[in-house]
Amino acid sequence: MILQSAVAIQIGIVVAYLLLALGVGLVAYRLTDRTAEDYYLASRTLGTVVLLFTTFATLLSAFTFFAGPNIAYANGPEWILVMGLMDGIIFGVLWYVVGYKQWLVGNEHGYVTLGEMLGDRFGSPLLRGTVAVVSLFWLFPYVMLQQVGAGGALEALTNGAVPYWAGAGLITVFMIAYVVLSGMRGVAWTDTLQGLFMLTMVWAAFVWVLSAVGGIGPATTALASSNPEFLSLGGGVYSPQWMLSQAIGIAFGVAMFPQVNQRFFVADSEKVLKRTMALWPVVVLLLFVPAFMLGAWAAGLGVPMPESGNILPGVLAEYTPTWFAALVVAGAMAAMMSSSDSMLLSGSSYFTRDLYRPFVNADASERREDLIARLGVAVFATLAFLASLFNPPSLFVIGDTAFGGFAQLAPPVIVALYWSRTTLWGMLAGILGSQLFYMVTTFTPPAGETTIVWGVVVPGVMETFAGWSSSVVGMAVGLALVVGVSVVTDASVAERPSVLAGPSEADD
């Protein structure tokens, strides 16, 4: 009876939070125009606080709450340097290099997606569709990651009373409901709520666990005793090339994530965009430090890894009461929802704006595009849920692979934004060449091994190059191709210089 009561409290807290998020979406629905621009971009009216927290909550997903602490539990807390410090700073720089330029161009020409901007820049529906297909391909596993994380979190929290499939299904239903209803305005509002809730709960968990074990000193002493290598730089696990590869690949991948890249278009003013850029590394560290340190200290304190494979629920179960653990898991669910909702919204915009309109129905009305977008959200989320039921890889593997895939888009996009000599053929070569290189090195066996595909023996290939990941090397391949092919091909292909440059200075 006591166990059933605890499970009821846990489920009640999580569901109550989800209903609160849905309520915010319903309010936003009443204020949303039935136009594509308002549905996708909230009519480009977001201020600093909302833009900061919607980007923050969009990025900090199941990968942050579960995969990050798991890595710290297994290999030590240095992942904070990768995700919290290097990645945060690199992305802050990219926010200006890519984001500010995109905002200027998007504000001038009314672009909604990255593919729309590039397709117009080079007068090429093919390029527009290519960017959309590549983005949707890598977006799918990252949406699935959130459902995998939600299913595992609720299963661990309730000791199996809520099975994995039910937890994944629950978050999928709520995501579909409020994304279909509210669009970007509702997503941004709920993201702000969820971002603040995430920060509050992870710091509360940090303080609660430290209080239970006697403070930072005893927790660190226990870690030094059980895993002394965790407290030395590198710890015998991470090489400098590996750490830099991860930080570069993740930061550049984040800048090309559809749900993040579209936020470069939505700022109300230039000042809003620049303030958000400056505050970004601060809020990232505020979340990563406590979350990852909880994972590292758990190793020293001897907390066993739960069957779900996620250490954070195990730490909470060991040192905090049932109701508090449920609140923190609700915060983790907030992280997953605030990532998935934006992914679904951006994914639907890439489908409708860059595939449906150019290749299926160029004369579709705003109303019809709005309807197709909402239906696309439901279909995409349902397919990702079904895929999440078939024994997916670990959260880290899913997230890391998707980051690397998106990162391949970054060099061609940056070159196109800043180099007027860039050609359509250079863009296609850079995007397709780097994607091919990355997929071959990621999805084929390691060097020295073979596999059989359709009766053909496929040899293994290198996964790293002098310690550098295939993601970073693939980016270099893409950069070389876009520049090299552009140099030897005709630059006169339907360019629009005004699209490249944008206005010289934006009004506040």
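This passage describes the helices, the nonpolar core and several buried residues of a predicted model.

The protein chain has 508 residues, and 58% of these count as buried. Its secondary structure comes to 20 helices and 4 strands. When contacts between residues at least 6 apart in sequence are considered, 86% of them join residues at least 24 apart.

Three helix pairs are described in turn. Two packed helices are described by the angle between their axes and the distance between the axes. For helix H3 (residues 48-59) and helix H12 (residues 270-300), the angle is about 45 degrees and the axes are 9 Å apart. This angle makes H3 oblique to H12. The crossing of H3 past H12 is right-handed. On the H3 side, the contact involves Thr-48, Leu-51, Leu-52, Thr-55, Phe-56 and Leu-59. On the H12 side, these residues meet Val-272, Leu-273, Arg-275, Thr-276, Leu-279, Trp-280, Val-283, Val-284 and Leu-287. Sorted by class, the contact of H3 with H12 contains 11 nonpolar, 3 polar and 1 charged residues.

H12 also packs with helix H9 (residues 216-226), and the axes of H9 and H12 come within 7 Å and cross at roughly 60 degrees. An angle counts as oblique when it falls outside the ranges for roughly parallel, roughly perpendicular and roughly antiparallel, and the perpendicular range runs from 65 to 115 degrees. H9 and H12 are therefore oblique to each other. H9 passes H12 in a left-handed crossing, whereas the crossing of H3 past H12 is right-handed. From H9, the residues Ile-216, Ala-219, Thr-220, Ala-222, Leu-223 and Ser-226 take part, and they meet Ala-296, Trp-297, Ala-299 and Gly-300 of H12. This contact of H9 with H12 has 7 nonpolar, 3 polar and no charged residues.

The third pair is formed by helix H6 (residues 114-121) and helix H17 (residues 410-418), whose axes are 12 Å apart and make an angle of about 50 degrees. H6 and H17 are therefore also oblique to each other. Their crossing is left-handed. Leu-114, Met-117, Leu-118 and Arg-121 of H6 make the contact with Val-413, Ala-416 and Leu-417 of H17. In the contact of H6 with H17 there are 6 nonpolar, no polar and 1 charged residues.

The largest nonpolar core has 132 residues. In soluble globular proteins, nonpolar side chains tend to be buried together. Within this core, Phe-91, Leu-118, Leu-127, Met-256 and Trp-280 touch the most other members. Helix H8 (residues 164-213) gives the most to the core, with 19 residues. Two of the residues that touch the most other members also appear in the helix contacts above: Leu-118 in the contact of H6 with H17, and Trp-280 in that of H3 with H12. Phe-91 is in contact with Leu-59, Ala-251, Val-254, Ala-255, Val-260, Phe-264 and Trp-280, leaving aside neighbours within four places in sequence. Of these contacts of Phe-91, Leu-59 belongs to H3 and Trp-280 to H12.

Three further residues were examined singly. Met-175 lies in helix H8. Its relative accessible area is 0%, so Met-175 is buried. Apart from neighbours within four places in sequence, Met-175 is in contact with Gln-147, Met-337, Ser-340, Asp-341 and Leu-344. Met-175 and Val-377 are 202 residues apart in sequence, while their C-alpha atoms are 9.0 Å apart in space.

Phe-406 is placed in helix H16 (residues 395-407). Phe-406 likewise counts as buried because its relative accessible area is 0%. Residues up to four places away in sequence not counted, Phe-406 touches Ser-135, Trp-138, Leu-139, Gly-253, Met-256, Phe-257 and Pro-258. For Phe-406 and Ser-135, the separation is 271 residues in sequence and 6.9 Å in space, C-alpha to C-alpha. Met-256, touched by Phe-406, is one of the core residues that touch the most other members.

Gln-259 is found in helix H11 (residues 258-261). With 0% relative accessibility, Gln-259 counts as buried. With residues up to four places away in sequence set aside, Gln-259 touches Thr-58, Leu-139, Ser-342, Met-343 and Ser-346. Leu-139 is thus touched by Gln-259 and also by Phe-406.

Notes
Residues are numbered from 1 along each chain as its sequence is written. This is a predicted model: local features need pLDDT of at least 70, side-chain atom pairs count only at pLDDT 80 or more; totals for chains, interfaces and linings use all residues. Side-chain values use heavy atoms; hydrogens and water are left out. Axes are lines fitted to C-alpha atoms, for helices over the stretch in contact, and angles run from 0 to 180 degrees between N-to-C directions. Angles under 35 degrees count as roughly parallel, over 145 as roughly antiparallel, 65 to 115 as roughly perpendicular and the rest as oblique. A crossing is left-handed if the near helix is turned anticlockwise from the far one by less than a right angle, and right-handed if clockwise. Contact means heavy atoms within 4.5 Å. Ala, Val, Leu, Ile, Met, Phe, Trp, Tyr, Cys and Pro count as nonpolar, Asp, Glu, Lys and Arg as charged, and the others, Gly among them, as polar. A nonpolar core is a set of buried Ala, Val, Leu, Ile, Met, Phe, Trp, Tyr and Cys residues joined through side-chain atoms within 4.5 Å. Buried means under 20% relative accessible area, exposed over 50%, partly exposed in between (1.4 Å probe, protein chains only).
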